[in-house]
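Please look over the chain shown below with its internal spaces, its backbone geometry and a few individual residues in mind. The report takes these topics in turn.

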Amino acid sequence: MKFWKSTLSLVMILSLSAMLMSACGSNSNESKNKDTSGTNTATTEKVKLKVTTWAGADELKEFEDLVNKLNADSNEYSIEVQSIPSDYYQKLQTMIAGKQAPDFMWLSQEYVPQYESMGVLAPLDEPLAKTDFNQDDYFPGALDVGKRDNQLYALPWISQPYVLYYNQDMFDKAGVNAPDGTWTWDDFIEAGKKLTTDGQWGALINNMPLPMFLWSYGGDVFDKDGNITLNSPESMKGLEMYQKIAKSGVVPARTQADSMGGADMFKTGKVAMFVGGAGDDFEKTANFKVGMSLPSKGSQEVTFSWIGVTAMSKTTKNPEIAAKALNDMTNAIHQWKVVSPTKTGFDEITKIRPEKEYAVDTIRKASEVARGFSNQPKQSELDAAMWDKLVQPLEKGEDLQKTVDSTIAKFNEILK
């Protein structure tokens, strides 16, 4: 009996000693995970995220460097870059269909409605509210392309407002005053006629999106609710002006412009005026003095902007941390890409592209009035119909009303 009592006492002592040692070890580890203020600094595994991009070559290297810096600075997330430089959207949709959607995806603005209608994109308002995201810092037109039904689904990382570039040497030679930002489309035509000679044209419009003309008179192809407004009085005025310019003799035929390359025609002095993105490199590549102005207008001052966005997948596993990563990544890109869609990032333009310093005020004004398309879920089909049924017939001089009616009939067929 004494033996069992002695054995039991020994077991209890050993057990108690083990518990005390374990407790001491636990306290020791915990103290290592605390700083002198008692704050727990235990490291946790970063949330792994993936972003797809169409970037390749030098652009990809620059983007990867940017992301690597973000990863080094964050203790919450780690972003992996996946480059798809060819067949981007086809491969992206294959990934989505195979339930391998990335956490973030680069999209051109026209794809936002399509991907949102497919249920692919995560709404951002709620998770971004927990970050330092500042909606008021964005130029409204750039941010609007990422919205559907007043909900934000994508953040713009670049905005290229269209501006009017002109060949100052050709203007001086022809004795024509340079555009000053107040021109109407009629002023554009009048100057173009004076600048058009054998083998040289006053302007080029084949690279300009047709809706830009409609907007300048208060019209549009679709309104914000998706209703067709192509035949509204305001839209018809814009279409009339487009056809007037196309048939005025101041622009080359589309086939000729396409074969020679619109930007190349401007760089080589074949055309005096060219409407293109504010980030184009004409100041570096042209052998003449390049000027810049706001595009001409109808009743309203407005211009188109090519806008790239990053959207977040609905399947991302940690939306709060993903939203923080998205906001950080987008802000970092604003310090890299020109033109930034934010007011604070805009001033980086003189550091990134010092040759644009002469035109900063013009680009800022263009950014303030720039906008994207009123995109629809079936935008690619609608664009094809607009090209076949509207743009080409207008340039050939066909009846405007019949052309519009035919286009609307095709739209209804696509949308039914």
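How much space lies in the largest cavity? About 40 Å³ of space lies in the largest cavity, and the model in which this value was computed is a predicted one. A search of the whole structure for cavities of 30 Å³ or more finds one. The lining of the largest cavity is made up of Phe139, Gly141, Ala142, Ser159, Ser340, Pro341, Ser367 and Ala370, and by class these residues divide into four nonpolar and four polar, with no charged residues.

## The chain as a whole

The protein chain holds 19 helices and 11 strands. Of its 416 residues, 49% are buried, and the chain exposes about 20,700 Å², of which carbon and sulfur atoms supply 49%. Among the contacts in the protein chain with a separation of 6 or more, 75% are between residues 24 or more positions apart.

## Two pockets

The volume of the largest pocket is about 670 Å³. Its lining has 22 residues, and the closest of them to the centre of the largest pocket are Asp144, Lys147, Lys224, Phe373 and Ser374. Two elements, helix 6 (140–144) and strand 4 (147–148), give two or more residues to this lining, and helix 6 gives the most, with three residues.

The second largest pocket has a volume of about 470 Å³. Here too the lining is formed by 22 residues, and those closest to the centre of the second largest pocket are Gln100, Ala101, Pro102, Asp103 and Thr315. At least two lining residues each are supplied by strand 1 (47–53), strand 2 (77–83) and helix 3 (88–97), and strand 1 provides the largest share, which is four residues.

The classes of the lining residues are set out here for each space.

| Space | Nonpolar | Polar | Charged |
|---|---|---|---|
| Largest cavity | four residues | four residues | no residues |
| Largest pocket | six residues | seven residues | nine residues |
| Second largest pocket | eight residues | seven residues | seven residues |

## A buried asparagine in a loop

Where in the chain is Asn375 placed? Asn375 is in the loop between strand 11 (370–371) and helix 18 (379–395). With a relative accessible area of 8%, Asn375 is buried, because that value is under the 20% cut-off. The side chain of Asn375 reaches the backbone oxygen of Gln109 at 3.5 Å. When residues up to four places away in sequence are not counted, Asn375 touches Gln109, Glu110, Pro113 and Arg148, so that Gln109 appears both as a residue touched by Asn375 and as the owner of the backbone oxygen that its side chain reaches.

## Backbone geometry

Which peptide bond is cis, with omega near 15°? That bond runs from Val338 to Val339, and Val339 is in the loop between helix 14 (319–334) and helix 15 (343–346).

Positive phi values in residues other than glycine are a further point to inspect at Ala57 and Asn150. Phi of Ala57 is near 55°, and Ala57 is in helix 2, which covers residues 57–73. Asn150, by contrast in its placement, is in the loop between strand 4 and strand 5 (151–152), and phi of Asn150 is about 65°.

Are these residues buried or exposed? Ala57 is exposed, because its relative accessible area of 68% is over the 50% cut-off, and Asn150 is exposed on the grounds of a relative accessible area of 77%.

## A buried alanine in a strand

Ala203 lies in strand 7, which comprises residues 201–204. Its relative accessibility is 0%, and Ala203 therefore counts as buried, since buried means under 20%. Once its neighbours within four places in sequence are left aside, Ala203 is in contact with Phe188, Val250, Val251, Pro252, Val271 and Met273. The C-alpha atoms of Ala203 and Leu164 are 9.9 Å apart in space, and the two residues are 39 residues apart in sequence.

Terms used: Residues are numbered from 1 along each chain as its sequence is written. This is a predicted model: local features need pLDDT of at least 70, side-chain atom pairs count only at pLDDT 80 or more; totals for chains, interfaces and linings use all residues. Side-chain values use heavy atoms; hydrogens and water are left out. Buried means under 20% relative accessible area, exposed over 50%, partly exposed in between (1.4 Å probe, protein chains only). A polar contact is a pair of N or O atoms within 3.5 Å; within protein, one must be able to donate a hydrogen and the other to accept it, and residues adjacent in sequence count only if both atoms are side-chain atoms. Contact means heavy atoms within 4.5 Å. Accessible areas come from the Shrake-Rupley method with a 1.4 Å probe; for residues, only the protein chains shown count as cover. On a 1 Å grid over the protein atoms alone, a cavity is a set of points where a 1.4 Å probe fits but cannot get out, and a pocket is an open set with protein on both sides within 12 Å along at least five of seven lines; lining residues have an atom within 4 Å of a point. Grid points are joined across faces, edges and corners, and a volume is the space filled by probe spheres set on the points. Ala, Val, Leu, Ile, Met, Phe, Trp, Tyr, Cys and Pro count as nonpolar, Asp, Glu, Lys and Arg as charged, and the others, Gly among them, as polar.
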